[in-house]
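Student: Could you take me through one part of this model up close? I'd like to hear about the salt bridges.

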Amino acid sequence: MVRFLQSLGATVLVGDSPAVHTQKFKGVKSGIFKVCETTGATWINFMDSPVEKSLRKGKIRVAAIADQVDLIISLPKFKNHELVYFTGAIKNTLGIVPGFSKGKQHALHQDRNKFGEFLVDLNEAITPDYFLMDGIMGMEGPGPGRDYRLK
C-alpha cells in the first residue's frame, strides 16, 4: 500500500497504537516500522499531542495526525475479538486512539452491543476514507500478545 500511494505522488505517514502503548512504540514486532524504513514512509507516534473528539456518548482522545492529513487508509487484519466476534474495518479505527485510553473503552463497554455502539460512534467522529483488510491469513485466539493460532 505504501509503495502504491508513493507511486501516485503521496507523502505516506504510518502509525498504530497497541493496547499497551509507550512513547517508544514503533511497530517493530509487527514489522510496520521496517516497512517505513524500507519505503521511506514517515512513522508517526500517535501519543504525540492527542486531540479530543466529541462522541455521541462522551469524548475520546485520538492521534492528532487524524486532523492533519488529506486521507486516512485503514489496513485491518482479519482476526477474531472477544467483544465483537471478529475485528474488521470499524474495529481497526480504535488503533487511532493512543495508549491506555483504548483499554478504558473495553472496560466501559463490556458487552458486544455496547462495544459495537462505541465503535460506530468512534467511526462517525473519525472516518477513514478507505479500508483494505488483510484476509490472506486470519488470526484466531484471545488477542494480540496472547496465543494466536493462525488459520
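Tutor: Here's a walk through the salt bridges, pair by pair. Keep in mind that this is a predicted model. The count comes to five salt bridges, and I'll pick out some of them. Let's start with Asp 67 and Lys 53, whose closest N and O atoms sit 2.7 Å apart. Asp 67 is in the loop between β4 (58-62) and β5 (73-74), while Lys 53 belongs to strand β3 (residues 51-55), so this pair ties together parts that are 14 residues apart in sequence. The two ends don't sit in equal surroundings: Asp 67 has 47% relative accessibility, so it counts as partly exposed, whereas Lys 53, at 17%, falls under the 20% cut-off and therefore counts as buried.

Next, have a look at Glu 124 and Arg 56, which form a salt bridge with the closest N and O atoms 3.4 Å apart. Glu 124 comes from helix α5 (residues 112-125) and Arg 56 from the loop between β3 and β4, so here the pair ties together parts that are 68 residues apart in sequence. Both Glu 124 and Arg 56 are exposed. There's a bit more going on at this spot, too: Asp 121 joins Arg 56 and Glu 124 in a network of salt bridges.

Finally, there's Glu 52 with Lys 59, where the side chains meet in a salt bridge at 3.7 Å, N to O. Glu 52 and Lys 59 are both exposed.

Note on methods:
Residues numbered from 1 in each chain as written. Predicted model: local features only at pLDDT ≥ 70, side-chain atom pairs only at ≥ 80, totals over all residues. Heavy atoms only, no water. Salt bridge = Lys/Arg side-chain N within 4 Å of Asp/Glu carboxyl O. Buried < 20%, exposed > 50% of the residue type's maximum accessible area, 1.4 Å probe, protein only. Helix = DSSP H or I, 4+ residues; strand = E, 2+ residues; numbered from the N terminus.
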